[in-house]
Amino acid sequence: MKKISATAIAVALFAAQFGLAGAAAADARTACKGDFERLCSNVSPGGGRVLQCLKEHESDLSSQCKEALVDAKAKREQGKTGEAAGTGGSQ
């Protein structure tokens, strides 16, 4: 049970470090959980270590994880574009 909790925390931290939020983060956590357990379970969360581990194993990530990360990054970029467009608008 502790391993599952540690995995959940690590994957959540990974999503946060990747700048993901909301549904995109949930999708990435779900899609990448197995990859984290398989490739990075010995990595202590924090300080960007989980993200670095997954980046180092990018070629070994499942297609589901890769797709979720690409989708999440696109949603993140769309959010940034929307925020930037909204900063100079009328009140």
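Reader: Which residues of H3 are buried, and what arc do they cover around the axis?
Author: In helix H3 (a helix being a DSSP run, H or I, of at least four residues, and a strand a run, E, of at least two, each numbered from the N terminus), the buried residues are Val50, Leu51, Cys53 and Leu54. Buried stands for under 20% relative accessible area, exposed for over 50% and partly exposed for what lies in between, with a 1.4 Å probe and protein chains only. On the other side of H3, Lys55 and Glu56 are exposed. The four buried residues lie on the same side of H3 because the arc, taken from the directions from the helix axis to the C-beta atoms, is only 160 degrees.

Reader: Which element has the highest mean pLDDT?
Author: This is a predicted model, in which local features need pLDDT of at least 70 and side-chain atom pairs count only at pLDDT 80 or more, while totals for chains, interfaces and linings use all residues. Residues are numbered from 1 along each chain as its sequence is written, and side-chain values use heavy atoms, with hydrogens and water left out. The protein has a mean pLDDT (the predictor's confidence in each residue, from 0 to 100) of 74, and 64% of its residues reach 70 or more. Helix H1 (residues 2-17) has the lowest mean, 56, whereas the highest, 84, belongs to H2.

Reader: Which helix gives the most residues to the largest nonpolar core?
Author: A nonpolar core is a set of buried Ala, Val, Leu, Ile, Met, Phe, Trp, Tyr and Cys residues joined through side-chain atoms within 4.5 Å, and the largest one here has 12 residues, among them Phe36, Val43, Val50 and Cys53. Two or more of these residues come from each of H2 (22-39), H3 (49-56) and H4 (63-86). The element that gives the most, with four residues, is H2.

Reader: Which residues does Val43 touch?
Author: Val43 is itself one of the residues of the largest core. Leaving aside residues up to four places away in sequence, and taking contact as heavy atoms within 4.5 Å, Val43 touches Phe36, Arg49, Val50 and Cys53.

Reader: With which residue does Asp35 meet in a salt bridge?
Author: Asp35 is buried, with a relative accessible area of 3%, and beyond four places in sequence it touches Cys40, Asp60, Leu61, Ser62 and Cys65. One salt bridge (a side-chain nitrogen of Lys or Arg within 4 Å of a carboxyl oxygen of Asp or Glu) is found in the whole structure. Its two residues lie in H2, three residues apart, about one turn of the helix. At 3.0 Å, N to O, the side chain that meets Asp35 is that of Arg38.
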